[in-house]
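Biologist: I am new to this structure and would like a close look at a single part of it, followed by a walk through the parts that can be described alongside it. Please take your time over the answer.

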Amino acid sequence: MLEYAIQTDGLSRSFGAVRAVEDVSMRIPAGTIFGFLGPNGSGKTTTIRLLLGLLEPSRGSATVLGFDSRRQAGDIRQRTGALLEHPGLYERLSAQENLEFYARVWNLTPADRDARVKELLTHMGLWDRRADQVGNWSRGMKQKLAVARAMLHRPSLIFLDEPTSGLDPVASATLRDDLSSLVMREGVTVFLTTHNLPEAESICNLVGVIRQGRLLTVDSPVHIRTHGGEQKVEFTGQGFTPAVLEVLRSRPEVADVKVSNGTLTLALHDDRPVAPLVRLLVEGGCDIEEVRKGAASLEQAFLALMEHDA
């Protein structure tokens, strides 16, 4: 069994003077839901196209499922599924007809085709609507069907480029839940690009952050939250006078100070200890009832990375 579904070493791609992807090296373990995060134009889609062998790298290399992306692109695409810019659905056909068409493309036997189509439509909650013309469906239902299309031939790895983009919160959450359970059941590796950072935090066990073609970090969401961005500490109580707040603002570990409705909120640089601040407040005459400390959200850590490497 492969240890890594994807390995890249110095992977780079330029379009003239534009360096779309620059020296990207990463290892993505098999069975991982990997989130690839970055602003528009950061190189996410170009990276996917390089991994699928749809583009040749200017420098460096990529190995996907053990195959070299330059020499064995056909083998990679045969063993992967992809939902990129377009869902790849025929809107005049029904949901069942769409999947049956693609099942024939993938040369599934008639028995396997029927069983697989029913299995995926049932899992995605679409079986009762299988005879509906897809063109009349909502965007959320179309995206569910598109994910089923990408999974139809039982790939070892699927690429999903912004699968919940344009969906309302309910449709996004439903698709996310369906995708997570499908991946868990089939043991597939997922390479997911998204702008929805809470989404990445909820379903990804590994994320990479890319900016202007350069990979800034690859780590677990928990580790990025803990070691990137600001730590938040809330103090509930009384006596948060202007003089005390001024002293707090002068402290090197304090990035921001806010007071609202009897709650003092401090943003701290990195994971600094809170005890000295508690002592400072008590000595300043504050009456502290409760202290709550929490790591930065993935979104806050992501923004901090963007600012730090700007």
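Biologist: With the side chain of which residue does the side chain of Thr45 make a polar contact?

Modeller: Please keep in mind throughout that this is a predicted model. The side chain of Thr45 makes its polar contact with the side chain of Asp161, at 2.9 Å. Thr45 itself lies in helix 1, which runs over residues 44-51, and beyond its sequence neighbours up to four places away it touches Glu85 as well as Asp161. With a relative accessible area of 28%, Thr45 is partly exposed, because the buried class ends at 20%. Its C-alpha atom is separated by 9.8 Å from that of Val21, a residue 24 places away along the chain.

The setting of Thr45 can be read from the rest of the helix. Helix 1 is mostly covered, with six of its eight residues buried, and these buried residues are Lys44, Thr46, Thr47, Ile48, Leu50 and Leu51. After helix 1 comes Gly53, which has a positive phi near 75 degrees.

Another threonine offers a useful second case. Thr32 is found in the loop between strand 2 (18-29) and strand 3 (33-37), and at 7% relative accessibility it counts as buried. The side chain of Thr32 reaches the backbone oxygen of Pro29 at 2.8 Å, while its contacts outside the neighbours within four places in sequence are with Thr189, Val190, Asn205 and Leu206.

From here we can turn to how helices pack. Two packed helices are described by the angle between their axes and the distance between the axes.

In helix 3, which covers residues 95-105, the buried residues are Ala95, Asn98, Leu99, Glu100, Tyr102 and Ala103, and they pack against helix 4 (110-123) and helix 5. The axes of helix 3 and helix 4 come within 10 Å and cross at roughly 135 degrees, which means that helix 3 is oblique to helix 4. The crossing of helix 3 past helix 4 is right-handed. On the helix 3 side, Ala95, Gln96, Leu99, Glu100, Ala103 and Arg104 take part, and they meet Arg113, Asp114, Val117 and Leu121 of helix 4. Sorted by class, the residues of this contact of helix 3 with helix 4 are five nonpolar, one polar and four charged. Just after helix 3, Asn107 takes a positive phi of about 60 degrees.

The pairing of helix 5 (residues 139-151) with helix 6 (residues 169-186) can be described in the same terms: they pack at an angle of about 15 degrees, with their axes 10 Å apart. Helix 5 is therefore roughly parallel to helix 6, and helix 5 passes helix 6 in a right-handed crossing. The residues of helix 5 that take part are Gly140, Gln143, Lys144, Val147 and Met151, and they meet Ala171, Thr174, Leu175, Asp178, Leu179, Leu182 and Glu186 in helix 6. By class, this contact of helix 5 with helix 6 has six nonpolar, three polar and three charged residues.

To return to the starting point, the polar contact of the Thr45 side chain with the Asp161 side chain involves a residue that is partly exposed and belongs to a helix that is mostly covered.

Conventions. Residues are numbered from 1 along each chain as its sequence is written. This is a predicted model: local features need pLDDT of at least 70, side-chain atom pairs count only at pLDDT 80 or more; totals for chains, interfaces and linings use all residues. Side-chain values use heavy atoms; hydrogens and water are left out. Axes are lines fitted to C-alpha atoms, for helices over the stretch in contact, and angles run from 0 to 180 degrees between N-to-C directions. Helices (H or I, at least four residues) and strands (E, at least two) are DSSP runs, numbered from the N terminus. Angles under 35 degrees count as roughly parallel, over 145 as roughly antiparallel, 65 to 115 as roughly perpendicular and the rest as oblique. A crossing is left-handed if the near helix is turned anticlockwise from the far one by less than a right angle, and right-handed if clockwise. Contact means heavy atoms within 4.5 Å. Ala, Val, Leu, Ile, Met, Phe, Trp, Tyr, Cys and Pro count as nonpolar, Asp, Glu, Lys and Arg as charged, and the others, Gly among them, as polar. Buried means under 20% relative accessible area, exposed over 50%, partly exposed in between (1.4 Å probe, protein chains only). A polar contact is a pair of N or O atoms within 3.5 Å; within protein, one must be able to donate a hydrogen and the other to accept it, and residues adjacent in sequence count only if both atoms are side-chain atoms.
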